[in-house]
Amino acid sequence: MGRRIVRVPLNFDAPLNEVWAGYLMPEHLHGLRCTACNGSGYSRHAAHLHDLWYGNVPFRPEDNGSTPLTADTPAVRAFAERNVTRNSDFYGSGEAAIRQEARRLADLWNSQWAHHLNADDVAALIAAGRLTDLTHTWDRDSGWQPIQPPVTPTPEQVNEWSLSGFGHDGINASVAVKARCKRDGMNLLCPACNGEGNVWRGAQHKADHEAWERTEPPTGEGWQLWETVSEGSPISPVFAAADELASWMSDPERGRQWVPGDVAAKFVAEGWAPSLVGSGGDVVSGVEFVGFRDE
Ligand SMILES: [Zn+2]
């Protein structure tokens, strides 16, 4: 929905509705996706641990010193009761429906390391300040404050908490994986790309990639409307005068992009107003205008 006015030469003829080439890094400067890690940047060991965390590969709670959940585990049972009560159209009702849902949840959660942390995993998360729900209190005046005296939640407490609506996020997964790699004496990062996810044809390729900068379109006497939803594309013809562009913007032919004439005129005027332009006098930087009705 962003629009800006760009002052370009009258003969500027970059293709409309295509991102200005100067804003796109040339293909040959992009890094090559590392095939050793498929671009993730993680070592095989770390990638496997991530898969264990999310249950994408077989995981057993016992292997991490945790006890499997069952349909009778209170937190599982409570979650199942909530699901069934809220969606009886889907689950049916009664004890059988609750048991079935509880078994489904237990099986799902037993397949994920995320719900079967051990004391080492918990220590890593606490050290990273990631379990404030359990180690801190919160109120409007003082925000998060450590519980005094400090508490160390047990793995059982953390694992039960992880079944609640909040639970772990992707950062927690990364923290646990990193700490586990360290304990295992294994690389966290892919050795082939050093964790970048990209590899380079050579030092020059990487240097050229890092040295690349956006190039602004040439400046000139013309007036053109650009969209800023993408990196930036010209979307109108180049006009010799501001009011011509305003007329074009308020022409009924613009359809959904149509704006009233006074709005268009104001936008064109303010879109390059010197008082709104960067200190370098760079008229191209323009002004974001978000009053348009399109998405
Ligand atoms: Zn790699």
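Start by selecting Thr-137 and Gln-145: in this predicted model, Gln-145 of E4 is the bridge partner of Thr-137. Next, add Trp-138 and Trp-144, where Trp-144 in E4 serves as the bridge partner of Trp-138. Now widen the selection to strand E3 (residues 136–139) and strand E4 (residues 143–146), and you will see an antiparallel pair joined by four bridges. The two strands make a hairpin, with three residues between E3 and E4.

Move along the chain to Gln-148 and Pro-149. The peptide bond joining these two residues is cis, with omega at about -10°. To place Pro-149, look in the loop between E4 and H7. Most peptide bonds are trans, so a cis bond is worth a pause on the tour.

H7 leads us to the next stop, the largest pocket. How much space lies in the largest pocket? The answer is about 300 Å³. Select Ser-66, Thr-67, Leu-69, Glu-156 and Asn-159, which are the closest to the centre of this pocket among its 19 lining residues. Then colour helix H2 (74–86) and helix H7 (155–161), the elements that each give two or more residues to the lining. Which of them gives the most to the lining? That is H7, with four residues. If you colour the lining by class, you should find eight nonpolar, nine polar and two charged residues.

Now zoom out to the whole protein chain. Its domain assignment gives domain 1 as 3–25 + 214–285 and domain 2 as 51–170. Show the C-alpha atoms of each domain, and their centres lie 52 Å apart.

For the next stop, display E1, E6 and E7. These three strands form an open sheet in the order E1-E6-E7, with antiparallel pairing. Strand E1 (3–8) and strand E7 (233–234) are at the edges and have a single partner strand each, so one side of each is left without a neighbour in the sheet. Zoom in on E1 and strand E6 (residues 222–227), which pair in the antiparallel sense over six bridges. One pair to pick out is Val-8 with Gly-222, its bridge partner in E6.

Keep the sheet on screen and add helix H10 (residues 242–249). H10 packs on the sheet and touches E1 and E6, and its direction makes about 40° with that of E6. Then add helix H11 (residues 261–270), which lies across E1 and E6 and runs at about 55° to E1.

Finish at Asn-17, which you will find in the loop between E1 and strand E2 (32–33). What is the sign of phi at Asn-17? Phi is positive there, at about 60°, although Asn-17 is not a glycine. Most residues other than glycine have a negative phi.

Conventions: Residues numbered from 1 in each chain as written. Predicted model: local features only at pLDDT ≥ 70, side-chain atom pairs only at ≥ 80, totals over all residues. Heavy atoms only, no water. 1 Å grid on protein atoms, 1.4 Å probe; cavity = no way out; pocket = protein on both sides within 12 Å on 5 of 7 lines; lining within 4 Å. Points joined across faces, edges and corners; volume = space filled by probe spheres on them. Nonpolar A, V, L, I, M, F, W, Y, C, P; charged D, E, K, R; others polar. Pairing = 2+ DSSP bridges. Contact = heavy atoms within 4.5 Å. Axes fitted to C-alpha atoms, helices over the stretch in contact; angles between N-to-C directions. Domains from an automatic or database assignment.
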